[in-house]
Amino acid sequence: MTEKTLLYRISLKSLISAGIIAMAVALPQIVHIFAGATGGVRWLPMYLPVLLGGCLLGWRWGLGIGVLSPVISFLLTLASGNPMPALARLPFMIAELAVIAAVAGMFGKKIEKDVRFALLAALLALIAGRSVLMLASVIFQSVTPFTPAVIWAQIKDGLLGAALHIILVPLIVAAVRVRK
């Protein structure tokens, strides 16, 4: 691979990543407008772009998207006085979304060959991410409001959103098929 080809690929992936992060910031805002404050927990709007980032760009770029999406969303919405995600939730979302994107991204090469792997990637990524969220709540329950009971309730509330993502991600990946 020539240096020019590598630079083109990095530039293209940077632009796609920026677009995915923008979608990960905007989609929760839209969901909260139409579904209220609990819409985020129910529909998991930031998860969809993060899953797509992992599936389309691989685990390295996906990991960056998973970490940066909640941080950028928090920083952009901080001035409103109602940051999303809330500061107490931010480290949990960073960990969860990073795992979701990285796990989905581990299927990147398989997805390039057969888009049906995007379904498995989305399913396993969501299970892994939600497991990390639960584990973090167990570890940090004495210092945060996010106890295992609270997180379990949120996981149950988000099952419909997760199921929707497991269906949508393979369809969207098949439609856009980004080559690495």
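Q: What is a salt bridge, and which residue partners Glu-96 in one?
A: A salt bridge is a side-chain nitrogen of Lys or Arg within 4 Å of a carboxyl oxygen of Asp or Glu. In this predicted model, the side chain of Glu-96 takes part in such a contact, with N and O 2.7 Å apart, which is within the limit of 4 Å. The partner that meets Glu-96 in this salt bridge is Arg-130.

Q: How many residues apart are Glu-96 and Arg-130, whose side chains meet in a salt bridge?
A: The side chains of Glu-96 and Arg-130 meet in a salt bridge, and the pair links distant parts of the chain. Glu-96 belongs to helix 5, which covers residues 90–105, while Arg-130 belongs to helix 7. Both of these residues are buried, and the number of residues that separates them along the chain is 34.

Q: Which residue forms a salt bridge with Asp-114, and is that partner buried or exposed?
A: The search of the whole structure finds 2 salt bridges, and in the one that involves Asp-114 the closest N and O atoms are 2.9 Å apart. Asp-114 itself is partly exposed, because its relative accessible area is 23%, a value that falls between the cut-offs of 20% and 50%. Its partner is Arg-116, and because the relative accessibility of Arg-116 is 65%, that residue counts as exposed.

Q: What is the volume of the largest pocket?
A: A general idea helps here: rolling a probe the size of a water molecule over the atoms shows where empty space is left. For the largest pocket in this model, the volume comes to about 390 Å³.

Q: Which residues of the lining are the closest to the centre of the largest pocket?
A: The lining of the largest pocket is made of 20 residues, and these divide into 13 nonpolar, 5 polar and 2 charged. Helix 1 (3–35) and helix 2 (39–43) each supply at least two residues of this lining. The closest to the centre of the pocket are His-32, Gly-40, Pro-85, Arg-89 and Met-93.

Q: Is the peptide bond from Met-84 to Pro-85 cis or trans?
A: As a general background, most residues other than glycine have a negative phi, and most peptide bonds are trans. Pro-85 lies in the loop between helix 4 and helix 5, and for the bond that leads into it from Met-84, omega is near -5°. This peptide bond is therefore described as cis.

Q: What is the phi of Leu-44, and is this residue buried or exposed?
A: Leu-44 has its place in the loop between helix 2 and helix 3, and its phi is near 50°, a positive value in a residue other than glycine. Because its relative accessibility is 3%, which is under the cut-off of 20%, Leu-44 counts as buried.

Q: How many of the residues of helix 3 are buried?
A: Helix 3 runs over residues 47–57 and is mostly covered, and its buried residues include Tyr-47, Pro-49, Cys-55 and Leu-57. The helix is followed by Gly-58, whose phi is positive, near 95°. The count of buried residues in helix 3 is 11 of 11.

Q: Which residues form a nonpolar patch on the surface?
A: One member of the patch, Leu-120, is found in helix 7, residues 117–140, and counts as partly exposed because its relative accessibility is 34%. As a general point, an α-helix has 3.6 residues a turn, so residues three or four places apart point the same way. The patch has about 300 Å² of accessible area together, and the residues that form it are Leu-120, Leu-123, Leu-124 and Ile-127.

Q: Is Ala-122 buried or exposed?
A: Ala-122 lies in helix 7, and its C-alpha atom is separated by 31 Å from that of Val-143, 21 residues apart along the chain. Because the relative accessibility of Ala-122 is 0%, this residue counts as buried.

Q: What distance separates the C-alpha atoms of Ala-79 and Arg-177?
A: Ala-79 lies in the loop between helix 4 (59–78) and helix 5, and because its relative accessibility is 80%, it counts as exposed. Ala-79 and Arg-177 are 98 residues apart along the chain, and the distance between their C-alpha atoms is 36 Å.

Definitions and conventions
Residues numbered from 1 in each chain as written. Predicted model: local features only at pLDDT ≥ 70, side-chain atom pairs only at ≥ 80, totals over all residues. Heavy atoms only, no water. 1 Å grid on protein atoms, 1.4 Å probe; cavity = no way out; pocket = protein on both sides within 12 Å on 5 of 7 lines; lining within 4 Å. Points joined across faces, edges and corners; volume = space filled by probe spheres on them. Helix = DSSP H or I, 4+ residues; strand = E, 2+ residues; numbered from the N terminus. Nonpolar A, V, L, I, M, F, W, Y, C, P; charged D, E, K, R; others polar. Patch = residues over 30% accessible without salt bridge, like charges linked within 9 Å, V, L, I, M, F, W, Y side chains within 5 Å. Areas by Shrake-Rupley, 256 points an atom, 1.4 Å probe, with all protein chains shown as cover. Buried < 20%, exposed > 50% of the residue type's maximum accessible area, 1.4 Å probe, protein only.
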